[in-house]
Amino acid sequence: MAEESFMKSLFGGVVAEGVIFPYPEASRGESDELHAILEGFRRFAAKNVDSALLDREEKIAPELLTGLKSLGLFGLHVPKAHGGAGLGMTAYARALQEVASVDANLAMTLSAHSSLGTTALMLFGSDELKAHWLPRLASGERVAAFALAEVGAGSDAAATTTRADRDGDAYMLSGEKAWVTNGGIADVFIVFARTSPADEGAKPKLTAFVLERGCGVTSGLNEDKLGVRAASTTSVTFDKVRVPKDQVLGEVGRGFKVAMEVLSHARLSLASSCIGKGKRLLRMSVDRVNERKAFGRNISEFGLVRDKIAQMSSELFALESMTYLTTGLVDAGSTDFTVESAICKVFGSETLWRVANEAAQIAGALGYMRSQPWERMLRDARVAMVYEGTNEILRCFIALSGMQGPGREIEEVSKAMREPIKGFGLLSDFALRKARSALGRERLSKAHPMLARESVLFEEYTGHLAKSVDKVLRRHGGQIHEMQYTQKRMADLAIDLYALAAVISRTTRAIERRGEEGSRREIDLASVFASSAKRRMAEQVAAMDENDDELRKSIAQRTCTDGGYPLDVI
Ligand SMILES: Cc1cc2nc3c(=O)[nH]c(=O)nc-3n(C[C@H](O)[C@H](O)[C@H](O)COP(=O)(O)OP(=O)(O)OC[C@H]3O[C@@H](n4cnc5c(N)ncnc54)[C@H](O)[C@@H]3O)c2cc1C
């Protein structure tokens, strides 16, 4: 498995199709194991999970948590050697999808425990820490939480004020974390604290620690939230809590790297949770349109209702394709998937939001009633666009990470132009690649010929993305860091391109296995998704050159100065 990131290459106009073809598949053994876990959970959930009750009572009963633990759900991705089920990323994400399709609170609780807390220990714990904690976390004997955000440091982790001051062989931790999922029920906390002085202007160094509730951690009251009301969300306070230095995760001062890597993994199961909830909402919509009559007909017969069902289906197909393409890459040993996982998170949370909104619309008045599930599911869906990195921050991250490689290359090439003899190899490589992309030679040669239209679209817009990156970097250089409108356009192009690539790879596999007729559903969904993506991408590309960014900035500036919208008609 190549370690290169498909999307980072794509920003430079290179289609590393060997990375995404063939579409990954779980092994037979893993798939059987997963199906047994899913079956066990479905049986348990049918008898024991009542989402409306969870929402009303605002807590998960201890017996319900015990049931989930006994099904092995707290240790799905923990290696067997440490007492877990040892599932790979695809099977793990698929299991969380199943849980999320039943209840958002359970998925959020499991996710904070496994995807965040336990993953931090798996990736960065010393052998001793892993041997001590992983078996306890895998069995659910101990529940984990991940405490990064603070009231004054959400997106901006560098503003962290929780401090860890060195005291002999230990650190003394003081501060308060905010909005910690599992904050009220966790026994083990992954905490990020500043280990360098908070001097004016000094770059803060964060360090990650693992600590137990018993050593002096206190939790605030459960937050009164819009959705996922039964999942525990609290502040967590540390007042001179003594943490031995061997409880540091990763290196001292490298906590930011710990947080980013853990979040990169977690965003994949967040995306798969969105698939679970989205598919459930689509099922509910289908049931509704098949039974509801208006004007003497089932509402499923009306074009505008059908259009919603088709749109939801094609977006869920794209989300599922990109999420499990990425988890497959992780399972195959890919080490650089930060951009891909950020894309899955942004596309996943926004697809879920659109699906929840359309499902409620299809349900009419029922969609607005608290006695019905749509209203709760709409509330539950909202948070996915905010936590584990807001979608705005992640769009900037996608664009800037993607442009890093081409940026470096342009810098090196301009250096080489100053020393043409020494830099000849580099210059000719660069010139060759540019000439190739100008001729439109970057092809998706592994795509099935049935998908020629989708493939050409992908190739065409990959060219647009690379040209835009090149143009923007040459024109603005480092200024691009301040150009968020442009970053957003790049990110949105990249999101649609990744979705399209994943859809093409998956559908190619389907056609190769089952032939054209056997894959009709995938082919049609791919086609509809490609048409919508084309409209969005065309808009992004056109707006790169012609836009009203400056006017928008000045309207926002004036509105903020005025303290709101100042106009009235009377
Ligand atoms: C239910 C729930 C559970 C959570 N669980 C956890 C948890 O377990 N652990 C944990 O550590 N945290 C958790 N969080 C916190 C979450 O990660 C933060 O809310 C999130 O990172 C955003 O931070 P903020 O709320 O301070 O928003 P802010 O950072 O204040 O952002 C406000 C708005 O400004 C935008 N913005 C900010 N900076 C920029 C920028 N540079 N460019 C463009 N736009 C920008 C944001 O996108 C957002 O729209 C949870 C939050 C919720 C709601």
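## The ligand and its surroundings

By class, the shell around the ligand holds 11 nonpolar, 5 polar and 3 charged residues. The model is predicted. In it, 19 residues surround the ligand. The closest are F146, S155, T181, T390 and E392.

Three polar contacts are listed here.

| Residue | Protein atom | Ligand atom | Distance |
|---|---|---|---|
| L148 | polar backbone atom | oxygen | 2.9 Å |
| T181 | polar side-chain atom | nitrogen | 2.8 Å |
| T390 | polar side-chain atom | oxygen | 2.7 Å |

How much of the ligand does the protein bury? Taken alone, the ligand exposes 980 Å². The protein buries 66% of that.

Now the elements of the shell. Strand 1 (144-147), strand 3 (170-181) and helix 13 (391-418) each give two or more residues to the shell around the ligand. Which element gives the most? Strand 3 does, with 3 residues.

Strand 3 also pairs with another strand. It is joined to strand 7 (residues 233-244) by 9 bridges. Strand 3 and strand 7 run antiparallel. Within this pairing, G175 stands opposite F238 in strand 7.

Strand 7 has a further partner, strand 6 (residues 217-219). Here 3 bridges make the join, and the two strands run antiparallel. Which residue of strand 7 is the bridge partner of V217? The partner is F238. So much for the pairings: F238 of strand 7 stands opposite G175, and F238 is also the bridge partner of V217.

Definitions and conventions:
Residues are numbered from 1 along each chain as its sequence is written. This is a predicted model: local features need pLDDT of at least 70, side-chain atom pairs count only at pLDDT 80 or more; totals for chains, interfaces and linings use all residues. Side-chain values use heavy atoms; hydrogens and water are left out. A residue is near a molecule or strand if one of its heavy atoms lies within 4 Å of it. A polar contact is a pair of N or O atoms within 3.5 Å; within protein, one must be able to donate a hydrogen and the other to accept it, and residues adjacent in sequence count only if both atoms are side-chain atoms. Accessible areas come from the Shrake-Rupley method with a 1.4 Å probe; for residues, only the protein chains shown count as cover. Helices (H or I, at least four residues) and strands (E, at least two) are DSSP runs, numbered from the N terminus. Ala, Val, Leu, Ile, Met, Phe, Trp, Tyr, Cys and Pro count as nonpolar, Asp, Glu, Lys and Arg as charged, and the others, Gly among them, as polar. Two strands pair if DSSP finds at least two bridges between them.
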